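Reader: I am new to this structure and would like to go through it by question and answer. Please explain each term when it comes up.

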Amino acid sequence: MRKIDPTYDALSPAPAVCHALLIETAADGLVLVETGLGRDDVERPRELLDHEWTDQVQPALLADETGVEQVAGLGFDAGDVRHIVLTHLDVDHSGGLPDFPGAEVHVMAAELAAARAEAPSRRYRPGHWAHGPRWTTYEEEGEDWLGFERVQPLRGLREELLFVPLGGHSAGHAGLAVRQGDRWLLHAGDAYTYHRELDQTDPHPHPLMDFVAQLAQVDAELRLANLQRMRELPKDRVNVISAHDPWEFEIAQRSSGVMR
């Protein structure tokens with residue numbers, strides 16, 4: 001057990017991460033949100049990843065950090081993952097797709113179209129979907145949900161999982177909302193990068209992570225509008241997490257009383 005400082009600003013320095021979310025459903029097997037980099041990326045990075053991106057980001061190319069190994073560490077097989085939800089198709093979110101070849105992959109139609117049109121690029125790497133995933137794509141349509149528009153349930157699942165358009169970072173960026181009793185968990189992908197951005201009264205971006213977010217965005221106005229909507233979500237009803245903030249998991253552990 002290690003001590004976690006009780007204040008946001010005193011959290012220890014930490015490397016960036018790519019948080020995935022594994023959901024065990026009663027009837028539809030495992031649902032994996034994001035895959036991170038995959039086994040092939042670890043074994044053949046110069047072939048599958050953009051050289052400049054790899055040199056600048058310096059990802060930890062470790063087999064046990066891949067999504068499929070993390071799933072195995074929880075006692076499951078890759079085949080138990082029947083659905084994958086991608087907030088978007090950036091290299092660090094979709095690299096593990098080949099490790100789950102039997103899964104149905106849920107993604108916004110605009111995101112898949114952009115990836116196919118632009119690849120190969122720093123952002124989109126065609127080797128990650130060369131195996132021919134079973135895509136299920138979504139147009140921006142649906143109902144209102146807590147201030148967000150065009151929200152729709154994942155098709156083919158009986159659990160209450162909602163695809164929430166969170167455009168701005170990429171062409172078809174979206175989050176996934178998961179009902180937990182009378183509360184929701186919203187995995188917001190790259191819609192923000194640092195927990196202090198969600199402060200309602202005194203928001204603070206992280207200087208470096210905000211710079212990276214601005215470089216990657218395709219629509220600044222839309223990204224910032226969605227960020228404001230997330231700030232306005234009722235905290236007594238919705239927990240929000242992002243993909244790349246390394247401190248959010250520690251904060252969640254602290255608030256739930258779980259420390260390890």
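Author: Buried means under 20% relative accessible area, exposed means over 50%, and partly exposed lies in between, with a 1.4 Å probe and protein chains only. Helices (H or I, at least four residues) and strands (E, at least two) are DSSP runs, numbered from the N terminus. This is a predicted model, in which local features need pLDDT of at least 70 and side-chain atom pairs count only at pLDDT 80 or more, while totals for chains, interfaces and linings use all residues. Residues are numbered from 1 along each chain as its sequence is written, and side-chain values use heavy atoms, with hydrogens and water left out.

Reader: What is the mean pLDDT of the chain?
Author: pLDDT is the predictor's confidence in each residue, from 0 to 100. Of the residues in the chain, 93% reach 70 or more. The mean pLDDT of the chain is 91.

Reader: Over which residues does pLDDT stay under 50?
Author: Where pLDDT is low, the predicted coordinates should not be read in detail. The model does have 19 contacts beyond four places in sequence for the stretch in question, a contact being heavy atoms within 4.5 Å. The stretch with pLDDT under 50 is residues 1-8.

Reader: Which residues of helix α6 are buried?
Author: Helix α6 covers residues 109-118. What covers its buried residues includes β4 (104-108) and β5 (134-138). An α-helix has 3.6 residues a turn, so residues three or four places apart point the same way. The buried residues in α6 are Ala109, Glu111, Leu112, Ala114 and Ala115.

Reader: Which residues does Ala171 touch, not counting residues up to four places away in sequence?
Author: Ala171 sits in the loop between β8 (161-165) and β9 (174-180). With a relative accessible area of 42%, Ala171 is partly exposed. Beyond four places in sequence, Ala171 touches Ala110, Glu111, Ala114, Tyr124 and Val218.

Reader: Which strand does β8 pair with in the antiparallel sense over 5 bridges, and which residue stands opposite Pro165?
Author: Two strands pair if DSSP finds at least two bridges between them. β8 pairs with β9 in the antiparallel sense over 5 bridges. Of the 7 residues of β9, 5 are buried, so β9 is largely enclosed by the rest of the structure. Opposite Pro165 stands a residue of β9, Ala174.

Reader: Which residue in the turn between β9 and β10 has a positive phi?
Author: β9 and β10 run antiparallel and are joined by 5 bridges, with Val178 opposite Leu185 in β10. The two strands form a hairpin with 2 residues between them. The residue in the turn with a positive phi, about 65°, is Gly181.

Reader: Which residues make up the covered face of β11?
Author: β11 pairs with strand β10 (residues 183-187) in the parallel sense over 4 bridges. In this pairing Leu186 stands opposite Val240 in β11. The uncovered face of β11 has Asn239 and Ile241. The covered face has Val238 and Val240.

Reader: Which backbone nitrogen does the side chain of Asp245 reach at 2.5 Å?
Author: Asp245 lies in the loop between β11 (238-241) and α9 (248-256). Asp245 is buried yet has no salt bridge (a side-chain nitrogen of Lys or Arg within 4 Å of a carboxyl oxygen of Asp or Glu), and the nearest side chain of opposite charge, Arg196, is 9.3 Å away; Lys and Arg count as positive and Asp and Glu as negative, with His and the chain ends not counted. Its side chain reaches the backbone nitrogen of Glu248 at 3.4 Å. At 2.5 Å, the side chain of Asp245 reaches the backbone nitrogen of His195.

Reader: How many residues apart in sequence are the parts that Asp90 and Arg123 tie together?
Author: The side chains of Asp90 and Arg123 meet in a salt bridge at 2.5 Å, N to O. Asp90 lies in the loop between β3 (81-85) and α5 (91-94) and Arg123 in the loop between α6 and β5, so the pair ties together parts that are 33 residues apart in sequence.

Reader: Is Arg179 buried or partly exposed, and what is its relative accessible area?
Author: Arg179 meets Glu160 in a salt bridge between side chains at 2.6 Å, N to O. Arg179 is partly exposed, with a relative accessible area of 39%.

Note on methods
A polar contact is a pair of N or O atoms within 3.5 Å; within protein, one must be able to donate a hydrogen and the other to accept it, and residues adjacent in sequence count only if both atoms are side-chain atoms.
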